[in-house]
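Here is a short report on the complex shown below. Keep the sequence and the 3D view open while reading.

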Amino acid sequence: MNLILFLIRKLTETEVWKSVFRHGYTDTPRNRALQTISNVWLHLHPVKVPKHAVKIRYTWCLGGLTFFIFLYLTVTGVLLMFYYVPDVNRAYADMIDLMYVVPLGRLLRTSHRWAGHAMVITVCFHMLRVFLTGSYKAPRQFNWVLGVLLLVLTFLLSFTGYLLPWDQLGYWAIMVGTNMGAATPVMGYQGPFADLLGVKINNDVRFALLGGTQIDAPSLLRAYVWHCIGIPIIAGALMILHFWRVRKDGGISGPL
Amino acid sequence: MSNHAEAQVANNKKTEKVFSWPNLVAKEFIAAILCTVILLVYSYYVDAPLRELANPGEPENPAKAPWYFLGLQEILVYFDPWIAGVIVPSIILVGLMAIPYIDVNPKGNGGYCFRDRRFAITVFLFGFIFWYALIVVGTYMRGPFWSFFWPWETWSFDFPTPPPSVSLPNWLGIPALLIYFGLGMLVPAVAFWKFAKQLGFIRYNITMMLLLLMLGMLIKMALRLMFNVKYVLQTPWFNI
Ligand code: HEM
């Protein structure tokens, strides 16, 4: 026992260790503060938070969970990208491979999918909690607006992923969704006032979404690029803003 | 949910602060672990859906959007696609973003308290529940050709032809709309004068417009379900 303690002390006194970990772990207020501010991940937090904010019954952890699930989706999503090719002749077979051949592939794909649904649920309930605690009120108005944008992006992330398995479920769901785009006033070929700008089936918003007049190879590629690159980058950037604003707006809301 | 009294108590102690490490971080860590465990266990037992290979020649019937859009798909029954699929979601989003700017009531910031914000909370909860109620109907009660089935009924393809729908003639529809929106804007302004004055002219109008649009949707749905009304307003370019 003493030997182990001795070795630990020797190890934590080396230059290498000290160059990585900037502070000791003795329980002092100074170390607790350093633990937060000298850690790139933890410094999202203020050193101290109001006592009520730590209560689970205040935030229900919902914003944090939404972010965590986003990270989970990023990790599992990148792993899925190793196996999945957005090519109409391969995509479905890649899904089957993931389900039956790839080690842990089934768990990977399934948990990525359920996590996507979970994120939609947690983001909605995060919004509900923020509303019920009146946390959108001054000075946090703009962060609520950012939140609504994140809500839309969460829906779009999930929606673009829906087509990727290239199965009947995704194909017809995207059909329903993008056909609504065709009904957009002025900019969709079936919407009111379509002739105003000369909008036709081959130059309207639906066409832009699908990369064609029907769901085909270009649509799959577009869904893939938006799902794996475009929307995650935009959503990630907005999340950074969102968290930054939580701090700049005076930290988590609380009784005035 | 803590009530008003608790919020008051919390109020007095608001300056009390604790270190994020470990008080907050530990809870976040536990939440993350629990979340991961639940996800993995659930995924282990329930497979993600995968149907047959996509086939453009063989439509799914019913073809359903992902569940979170089924509320919108459900109102396709009552409204034309440009309203259900484009206008309604746009108004919802703009309305959501407008909330902090039209709700000027400074009370109830930072705690669960219904009493100080009866109107705001009632309207928001109503909308929230409405959205999910439609999703439940769309998910569990719509079968082939989007016809209605109770969850315990088996889907079948032979169901009675729906009764023919009628549209309100414009001489009835236009006045009805004018009266609905006109009275809807005026009556609350008179009946709740203090509330309207507190909001100010612009905020009051935006708030009431959003509220009337939401209730209007419900009314149109009721008209359809009870009287088979197809449109309440017809023009050469679009119908509502
Ligand atoms: C990807 C989506 C989102 C993520 C990752 C996210 C994350 C977070 C986190 C971690 C917090 C800190 C407090 C907490 O955990 O509750 C927070 C606070 C906040 N969120 Fe979000 N959020 C998202 C979407 C939204 C949405 C949809 C809204 C509202 C429409 C919103 C509005 C707010 C506001 C106003 C605050 C400050 C609350 C306070 O100070 O009490 N967020 N968010």
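## Salt bridges between the chains

A salt bridge here is a side-chain nitrogen of Lys or Arg within 4 Å of a carboxyl oxygen of Asp or Glu. By that rule, three salt bridges cross the interface of chain B and chain A. The model is predicted. Over all chains of the structure, the search finds eight salt bridges.

One pair across the interface is Asp47(B) with Arg106(A), whose side chains meet at 2.3 Å, N to O. Asp47(B) sits in the loop between α2 and α3 of chain B and Arg106(A) in helix α8 of chain A, so this salt bridge joins two chains.

## Confidence

For the complex, the predictor reports an ipTM of 0.90 and a pTM of 0.92. Chain B has a mean pLDDT of 90, and 94% of its residues reach 70 or more. Residues 1-5 of chain B are a weak spot in confidence, with pLDDT below 50. In the model this stretch has seven contacts beyond near neighbours in sequence. Where pLDDT is low, predicted coordinates should not be read in detail.

## The interface

How many residues does each chain bring to the contact? Chain A supplies 85 residues and chain B supplies 82. About 7,800 Å² is buried between chain B and chain A. Carbon and sulfur atoms account for 71% of that area.

Polar contacts also cross the interface: the rule finds 32 residue pairs, both residues at pLDDT 80 or more. On the side of chain B that touches chain A, six elements are listed as giving two or more residues: α1 (4-12), β1 (17-19), α2 (20-45), α3 (70-75), α4 (81-102) and α5 (118-140). Which element of chain B gives the most? α2(B) does, with 17 residues. By class, this side of chain B has 54 nonpolar, 13 polar and 15 charged residues.

## The ligand site

Around the ligand there are 25 residues. His126(A), Arg129(A), Gly147(A), His242(A) and Ser253(A) come nearest. By class, the shell has 13 nonpolar, 10 polar and two charged residues.

Three side chains have polar atoms facing ligand atoms at listed distances. For His126(A), a side-chain N or O atom is 2.8 Å from a nitrogen atom of the ligand. For Ser135(A), a polar side-chain atom lies 3.1 Å from a ligand oxygen. For Arg140(A), an N or O atom of the side chain is 3.1 Å from an oxygen atom of the ligand. The elements that give two or more residues to this shell are α6 (62-81), α8 (105-132), α9 (141-163) and α12 (217-248) of chain A. Helix α8 of chain A thus comes up twice: it gives residues to the ligand shell, and Arg106(A) of the salt bridge lies in it.

## Backbone details

Two cis peptide bonds in chain B deserve a look. One joins Trp21(B) and Pro22(B), with omega about 5°. Pro22(B) lies in helix α2 of chain B. That helix is also the element that gives the most residues to the side touching chain A. The other cis bond joins Asn61(B) and Pro62(B), with omega about 0°. Where is Pro62(B)? Pro62(B) is in the loop between α2 and α3 of chain B. Asp47(B), from the salt bridge, lies in that loop too.

In chain A, look at Cys61(A). This residue is not a glycine, yet its phi is positive, about 60°. Cys61(A) is in the loop between α5 (56-59) and α6 of chain A. Helix α6 (62-81) is one of the elements that give two or more residues to the ligand shell.

Notes
Residues are numbered from 1 along each chain as its sequence is written. Chains are lettered from A and ligands numbered from 1 in the order in which they are written. Side-chain values use heavy atoms; hydrogens and water are left out. A residue is near a molecule or strand if one of its heavy atoms lies within 4 Å of it. A polar contact is a pair of N or O atoms within 3.5 Å; within protein, one must be able to donate a hydrogen and the other to accept it, and residues adjacent in sequence count only if both atoms are side-chain atoms. Helices (H or I, at least four residues) and strands (E, at least two) are DSSP runs, numbered from the N terminus. Ala, Val, Leu, Ile, Met, Phe, Trp, Tyr, Cys and Pro count as nonpolar, Asp, Glu, Lys and Arg as charged, and the others, Gly among them, as polar. pLDDT is the predictor's confidence in each residue, from 0 to 100. Contact means heavy atoms within 4.5 Å. Buried area is the accessible area (1.4 Å probe) that two parts lose on being put together, summed over both.
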